[in-house]
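Take a walk through this structure, one stop at a time. Keep the sequence beside you as you go.

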Amino acid sequence: MTASSALHTDRYELTMLDAALRDGTAQRRCVFEVFGRRLPGARRFGVVAGTGRLLTLLRDFRFGDDELRFLRDEKIVDAETLDYLAGYRFTGTLTGYREGELYFPGSPILTVEGTFAEAVVLETLVLSVLNHDSAIASAAARMSVAAGDRPLAEMGSRRAGEDSAIAAARAAYIAGFNATSNLAAGRRWGIPTMGTAAHAWTLLHDTEEDAFRSQIEALGTDTTLLVDTFDIRAGVEIAVRVAGTSLGGVRIDSGDLPTVAADVRAQLDSLGATGTRITVTSDLDEFAIAALAASPVDSYGVGTSVVTGSGSPTAGMVFKLVARQDDAGAWIGVAKASTDKASRGGRKAAFRTREDGVATSELVVVSDGYEELDDAAAHPDARALQVPLVVRGDIDASAEGPAGVAAARAHHLRVREELPVRALALSRSDPALPTVFTEAAEVTGQV
């Protein structure tokens, strides 16, 4: 097996390529667009994530001997297509929302420009990365909003596939989580890692006290002791007796958390451990975190809910052809008209309008061509949302690796501050910002 990402592809992409090479349309210049028709779960905003991962995978989108042999042996494409794929390199342009940016229905999250042949084969790779990571980030952002200033740790690796777990940790960190339990994510993306002991540690020892003493000897008194293996009140008493009042923290993983947290805080204070922190980790989601806002909890650990998108495991984005050149080289906007699945033709530029620093709308300027969109950037009350990610095949490396993750996290936390207060509510509702489409000529006539 090779490191190539080229077969992260649905078969119909290659059969379309095969047919396009036959009929001469493969080299037509095209514009594809990634967008979501709606926000999953009737949420008020979405978060773009996965961009840096996608760019790295694009570097590895090469058809080597192993990939070509499989395609030949399975008779998926003909010899001419195999020759084309052997030399495949994406030489087009990707323009999109910065990773960590907010998006709304109809936002042109990613624009892929190139020949039909080189662009169409990227559909599955693009959507599998952006749909997964954006779903996780969108859920994580809601949890981050609910948690306020209290730290959040992602600890859901055991509830996801091994590769998905690493991607989920990355997306959650971008959207406001503070750490992950996944060491592979820590090494690959520079995310802080955390973790101390599970219930198995306590059960390994003859007594709870023996387990606590051993953990403290190994990790020091600043460690966090898991106090709910047997009786929580007895566990807290033993923890403070063994570690002293300088005990770093206790973790609660069961029970009615608001009640238990209040009782544990009162007990810790009565024992003199007023600085000992309380972490809760029992099947939390954004609603459970919000319900604990008034409780004496210092931090949260979230597992299943965050790595599965808290009920919305995909962002529901699609990849559609929106413009192409005709035989004379003129650009034509094209669109799907299917019921409930219509798309809007034309290349697009996106801006976020603001008043006194507060976001008011998603302004999307539409054009069949290119020239008009440059002038649209002069709109006086808007922030341009798209940046070049790949220019004529040259990938912007600043979006990749740990540095890209750190930049995406900083960008997300910054732009989240632009949202109106209503956008931070957790209840099902319409998007917090309307998406306003306008023709390029209308905008350029105003500026």
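F61 is buried, and its relative accessible area is 0%. The model is predicted, so that value is computed from predicted atoms. Buried means under 20% relative accessible area. F63 also counts as buried, because its value is 4%.

Now look at the rings of these two residues. The whole structure holds six aromatic pairs. F61 and F63 form an edge-to-face pair. Their ring centres lie 5.7 Å apart, with 90° between the planes. Why does that angle earn the name edge-to-face? Planes over 60 degrees apart are classed that way, so 90° qualifies. The pair also belongs to a cluster: ring pairs link F61, F63, Y84 and Y88.

Rings can have charged neighbours too. Find R170 and W189. The charged end of R170 sits over the ring of W189, 4.6 Å from the ring centre. Then find R409 and Y173. Here R409 lies over the face of Y173, and the distance to the ring centre is 4.3 Å.

Next, go to strand 3, which covers residues 93-97. Is strand 3 enclosed or open? Five of its five residues are buried, so the strand is largely enclosed by the rest of the structure. Which strands does strand 3 pair with? One partner is strand 5, residues 110-115. The two run antiparallel and are joined by four bridges. Within this pairing, T93 stands opposite E113 of strand 5. Another partner is strand 17, residues 386-391. This pairing is antiparallel as well, again over four bridges. In strand 17, V390 is the bridge partner of L94. One general point helps when you view strands. In a regular strand the side chains alternate between the two faces of the sheet.

The last stop is S134. Where does S134 lie? Look in helix 6, residues 123-147. S134 is buried, with a relative accessible area of 0%. What does its side chain reach? One contact is the backbone nitrogen of A49, at 3.1 Å. In addition, a polar atom of the S134 side chain lies 3.5 Å from the backbone oxygen of V47. Leaving aside residues up to four places away in sequence, S134 touches V47, V48, A49, A315 and M317. V47 and A49 thus appear both in that list and in the side-chain distances just given.

Note on methods
Residues numbered from 1 in each chain as written. Predicted model: local features only at pLDDT ≥ 70, side-chain atom pairs only at ≥ 80, totals over all residues. Heavy atoms only, no water. Phe/Tyr/Trp six-rings, centres within 6.5 Å; stacked < 30°, edge-to-face > 60°. Buried < 20%, exposed > 50% of the residue type's maximum accessible area, 1.4 Å probe, protein only. Lys NZ or Arg CZ within 6 Å of the ring centre and 35° of its normal. Pairing = 2+ DSSP bridges. Polar contact = N/O pair within 3.5 Å; in protein donor to acceptor, adjacent residues only side chain to side chain. Contact = heavy atoms within 4.5 Å.
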